[in-house]
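Subject: The structure I promised you

Hi,

Here is the structure we talked about, for you to open and look around in. My notes on it follow below.

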Amino acid sequence: MTSTPRVTSGTDGLDDVLDGGFIGGQTAIVSGGPGTGKTVLALQFLAVADRGLYIGFEEREEDIRENAARLGIDLSNVDVLDLSADGSRFFAGDDEYTIFPHEEVEGEALLDSIAEKIDDVGPDRLAIDPLSELRSLVPDDYRFRRNISSLVNELKARDITTVCTTQAAEAGSDWDLQFLGDATLKINRTTNHRSLEVTKFRGSDFANGKHTYRIRGDTGGRVYPKLVPGEHRQETDRTQLSSDVPELDSLLGGGIERGSVTVISGPSGVGKTTLGSLFLRSSAAGGTPSAGFLFEELRDDYLYRADQFGLGVGQLHADGPLRLFEVESLTQSPDEFAADVREAVEGGVEVVMIDGIPGYRLGLRGSDTEQELTRELHALCRYLKRMGVTTILIDEVGSLAGSLDATDERVSYLADNIIFLRYVEMDGEIRKVVGVLKKRFSDFEQSLRELRIDTDGVTLGGALTDRRGILTGVPERIE
């Protein structure tokens with residue numbers, strides 16, 4: 001963080017991207033297409049002003065204030081100069097302009113109106129929305145750039161922090177405006193996702209990358225910065241977390257280490273979530289706040305199923321040590337999900353289960369590719385490790401039996417521990433087996449054990465030493 005005096009942006013999360021906020025007296029250029037949220041960002045910037053001034057070319061003042069109020073933006077300390085088009089600007093008689101072309105007279109008059117309003121209000125913050133509108137009202141690009149440059153310099157001399165929006169008519173047509181700005185922000189929008197990127201910030205660091213930008217009714221806009229694991233650190237011990245199932249703990253050499261990442265993999269229905277829930281239950285029952293993020297099923301379904309298997313997590317959830325979050329498909333981006341996890345961790349949660357990785361990839365929306373989503377998950381796991389959080393990832397493999405793959409999602413490199421579950425055919429029955437493939441911080445049992453999940457809970461049998469070829473799915477008895 002720099003020591004340069006900062007001015008808050010007024011948008012939650014944006015100050016983190018800007019390394020503390022805008023620099024006082026500078027001018028920021030916010031570019032983007034229609035409906036990207038440029039005006040919302042500008043209004044939230046003004047809402048925290050001691051005395052703000054909004055200069056608008058597209059909407060009437062009453063509409064600006066009404067729309068802002070719907071988003072929970074208070075403009076009581078903001079004056080508005082309404083320069084939106086009205087009948088007189090388009091239907092005046094031709095004889096009104098006798099020496100100068102129509103557009104030159106109008107442009108110069110508007111610039112005079114802006115200067116007079118700034119003198120009259122004396123704002124500490126100013127927003128011009130959109131600045132690019134002036135381009136069509138000034139006769140040539142040279143005069144336009146000269147006037148805008150003069151305006152920016154005068155605002156800086158008066159220590160007025162300014163946000164100007166631009167809407168390029170075609171790619172690159174607003175490059176000169178971005179050149180004049182001290183900071184440039186670009187907002188992009190797809191069908192169901194907005195992202196914000198800082199491309200320049202004179203005299204300051206900033207967070208690189210495209211950050212999720214969300215606009216909601218009653219709360220306005222919010223930026224969800226990309227998670228940077230290296231900025232977080234918390235000491236932790238390496239004591240082991242028990243599953244409270246002695247045979248499973250024995251298989252794991254005593255349990256899983258706190259602050260580690262454990263991947264539990266297996267085909268559908270084999271018991272991965274149930275096995276992961278053992279550690280959530282054990283942690284919460286001991287008074288340690290724990291959280292499960294459910295991509296694969298509804299929270300009520302999870303609680304019902306867990307109680308049917310005698311896990312007893314329902315009461316822990318009701319009492320508070322165990323928190324369960326139901327993640328609706330296609331309602332969040334990876335940045336938003338990471339922010340939810342961070343909020344839980346910073347609220348005291350020390351054990352996190354993500355159920356599961358395929359749901360994470362399919363359920364989080366945005367423009368991220370599968371490879372980018374894997375990087376986002378890697379950053380999240382690195383953050384959790386640095387914060388000393390015990391992390392459990394539930395992963396699904398496609399094959400029911402045989403062809404042992406640690407994970408279909410190629411995230412095994414994230415794991416300190418890998419527990420795998422498989423179906424096998426033994427004595428004409430479909431059964432389940434469990435084993436440990438990897439354990440970074442301690443030794444573990446190399447054998448396989450039969451896994452049983454029923455109304456009596458989770459039980460493990462003894463080591464299957466009388467069988468060979470178990471991982472093929474059709475083991476043979478050893479005479």
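How much area does the protein chain expose, and what share of it do carbon and sulfur atoms supply? The exposed area comes to about 21,600 Å², and carbon and sulfur atoms supply 46% of that. Before you go further, keep in mind that this is a predicted model.

**The overall picture**

The protein chain has 479 residues, and 50% of them count as buried. Running along the chain you'll find 14 helices and 24 strands. Now take the contacts between residues with a separation of 6 or more: 69% of them involve residues 24 or more positions apart.

**Salt bridges**

Here's the general idea: side chains of opposite charge can pair when their charged atoms come close. A search of the whole structure turns up 22 salt bridges. I picked out a few for you.

Start with Arg70 and Glu66, whose closest N and O atoms are 2.5 Å apart. Both residues sit in helix H3 (residues 61-70), and because they are four residues apart there, about one helical turn separates them. Arg70 is partly exposed, with a relative accessible area of 48%, and Glu66 is also partly exposed, at 42%.

Next, have a look at Arg158 and Asp119, a salt bridge with its closest N and O atoms 2.7 Å apart. Arg158 is in the loop between helix H6 (141-157) and strand S7 (161-166), while Asp119 belongs to helix H5 (residues 102-121), so this pair ties together parts that are 39 residues apart in sequence. Arg158 counts as partly exposed, with 37% relative accessibility.

The third one joins the side chains of Arg431 and Glu450, at 3.7 Å from N to O. This pair links distant parts of the chain, with Arg431 in strand S20 (residues 429-439) and Glu450 in strand S21 (residues 449-454), 19 residues apart. Is Glu450 buried or exposed? Glu450 counts as buried, because its relative accessibility is 14% and the cut-off for buried is under 20%. Arg431 and Glu450 also belong to a network of salt bridges that takes in Asp427 and Glu429.

**A charged patch on the surface**

Asp300, Asp301, Glu326 and Glu328 together form a negative surface patch. To find Glu328, go to the loop between strand S16 (322-326) and helix H12 (334-346). Glu328 counts as partly exposed, at 44% relative accessibility.

**Backbone details**

Which peptide bonds are cis? One of them runs from Asp129 to Pro130, with omega near -10 degrees. Pro130 lies in the loop between strand S6 (125-129) and H6. Another runs from Asp355 to Gly356, with omega near 0 degrees, and Gly356 is found in the loop between strand S17 (351-355) and helix H13 (357-363).

Two aspartates are worth a click as well. Asp19 has a phi near 60 degrees, a positive value in a residue other than glycine. You can find Asp19 in the loop between helix H1 (14-17) and strand S2 (22-23), and it counts as buried at 13% relative accessibility. Asp244 has a positive phi too, near 70 degrees. Asp244 lies in the loop between strand S12 (240-241) and helix H8 (246-251) and is partly exposed, with a relative accessible area of 45%.

**Two more residues to click on**

Thr273 lies in helix H9 (residues 272-285) and is buried, with a relative accessible area of 11%. What does Thr273 touch, not counting residues up to four places away in sequence? The list is Glu297, Tyr302, Arg305, Met353, Asp355 and Ile394. You've met Asp355 already, in the cis peptide bond to Gly356.

Then there is Gln371, in helix H14 (residues 370-386). With a relative accessible area of 58%, Gln371 is exposed. From Gln371 to Arg361 the distance is 9.8 Å, C-alpha to C-alpha, and the two are 10 residues apart in sequence.

Happy browsing, and write back with any questions!

Note on methods:
Residues are numbered from 1 along each chain as its sequence is written. This is a predicted model: local features need pLDDT of at least 70, side-chain atom pairs count only at pLDDT 80 or more; totals for chains, interfaces and linings use all residues. Side-chain values use heavy atoms; hydrogens and water are left out. Patches are made of residues with over 30% relative accessible area and no salt bridge: like charges are joined within 9 Å, nonpolar side chains (Val, Leu, Ile, Met, Phe, Trp, Tyr) within 5 Å. Accessible areas come from the Shrake-Rupley method with a 1.4 Å probe; for residues, only the protein chains shown count as cover. A salt bridge is a side-chain nitrogen of Lys or Arg within 4 Å of a carboxyl oxygen of Asp or Glu. Lys and Arg count as positive and Asp and Glu as negative; His and the chain ends are not counted. The place of a charge is taken as NZ of Lys, CZ of Arg, CG of Asp or CD of Glu. Buried means under 20% relative accessible area, exposed over 50%, partly exposed in between (1.4 Å probe, protein chains only). Contact means heavy atoms within 4.5 Å.
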